[in-house]
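The following exercises are meant to be worked through with the sequence and the coordinates at hand. Each task is followed by a solution that goes step by step.

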Amino acid sequence: QLVESGGGSVHAGDSLRLSCAASGRTFSNYALAWFRQAPGKEREMLASLSRGGATYYAVSVKGRFFISRDNDQSVAYLHLNDLKPEDTAVYYCAATLGQYLMMRSYNIFGPGTQVTVSS
């Protein structure tokens, strides 16, 4: 089970840290990712993190968002910096035993947390 937290309403240029708490599984066995979905748009994979620490970032967030994990605490994070109104969406964390770069491999999702950025 994955549960996100840390979303909220902020202004453009602000920062947030999203957390994803995992339970019931051996956390370190999983590759992790953060997705988002805005109204009327498809779900987008923003960042992913392999078991070994390799990372991927979508062009839209590269240099502004950073993914990390704490295997001892079974928590994943997404640090969001310099937020823009177009970042407004529901943000989801996800896990997979498969390949960290393959969006379709992610089969465990949390319920999501809303991030709203006003100009």
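Two strands are taken to pair if DSSP finds at least two bridges between them. The model is a predicted one.

**Exercise 1. The order of a sheet**

Determine which strands make up the open sheet of four strands, and in which order they lie.

Solution. Begin with strand E1 (residues 2-5), which pairs with E3 in the antiparallel sense over four bridges. Within this pairing, Val-3 has Ala-21 of E3 as its bridge partner, and Ser-5 stands opposite Ser-19 in E3.

Next, follow E3 to E8, to which it is joined by six bridges, the two strands running antiparallel; here Ala-21 stands opposite Val-75 in E8. Ala-21 thus appears in both steps, as the partner of Val-3 and as the residue facing Val-75.

Then go from E8 to strand E7 (residues 65-70), with which E8 pairs, again in the antiparallel sense, over six bridges, and where Arg-69 is found opposite Ala-76 in E8. E7 and E8 form a hairpin with four residues between them, and Ser-74 in the turn has a positive phi of about 55 degrees.

Taken together, the order is E1-E3-E8-E7, with antiparallel pairing. The edge strands are E1 and E7, each of which pairs on one side only. On average, and with direction ignored, neighbouring strands of this sheet are turned by 15 degrees against each other.

**Exercise 2. Burial along two strands**

Compare E1 with E8 by asking which of their residues are buried.

Solution. In general, the side chains of a regular strand alternate between the two faces of the sheet. Along E1, Leu-2 and Glu-4 point to one face and are buried, whereas Val-3 and Ser-5 point to the other and are not. In strand E8 (residues 75-80), five of the six residues are buried, so this strand is largely enclosed by the rest of the structure.

**Exercise 3. The disulfide**

Find the cysteines that are joined by a disulfide, and explain why the disulfide is assigned its handedness.

Solution. The cut-off for a disulfide is a pair of cysteine sulfur atoms within 2.5 Å. By this rule the count comes to one disulfide, between Cys-20 and Cys-93, with an S to S distance of 2.0 Å. The pair links distant parts of the chain, since Cys-20 lies in strand E3 (residues 16-22) and Cys-93 in strand E9 (residues 89-96), 73 residues apart. The torsion about the S-S bond of Cys-20 and Cys-93 is about 60 degrees, and the disulfide is therefore right-handed. Both Cys-20 and Cys-93 are buried.

**Exercise 4. Two buried residues**

Describe the surroundings of Ala-95 and of Arg-36.

Solution. Ala-95 is located in strand E9 and, at 5% relative accessibility, counts as buried. Leaving aside neighbours within four places in sequence, the residues in contact with Ala-95 include Leu-2, Tyr-30, Leu-32 and Tyr-106. The C-alpha atoms of Ala-95 and Gly-110, which are 15 residues apart along the chain, are separated by 9.1 Å.

Arg-36 has its place in strand E4 (residues 31-37) and is buried, with a relative accessible area of 8%. The side chains of Arg-36 and Asp-87 are joined by a polar contact of 2.9 Å. Beyond neighbours within four places in sequence, Arg-36 is in contact with several residues, among them Glu-42, Glu-44, Phe-65, Glu-86 and Tyr-91.

How values were computed:
Residues are numbered from 1 along each chain as its sequence is written. This is a predicted model: local features need pLDDT of at least 70, side-chain atom pairs count only at pLDDT 80 or more; totals for chains, interfaces and linings use all residues. Side-chain values use heavy atoms; hydrogens and water are left out. Buried means under 20% relative accessible area, exposed over 50%, partly exposed in between (1.4 Å probe, protein chains only). Contact means heavy atoms within 4.5 Å. Axes are lines fitted to C-alpha atoms, for helices over the stretch in contact, and angles run from 0 to 180 degrees between N-to-C directions. A polar contact is a pair of N or O atoms within 3.5 Å; within protein, one must be able to donate a hydrogen and the other to accept it, and residues adjacent in sequence count only if both atoms are side-chain atoms.
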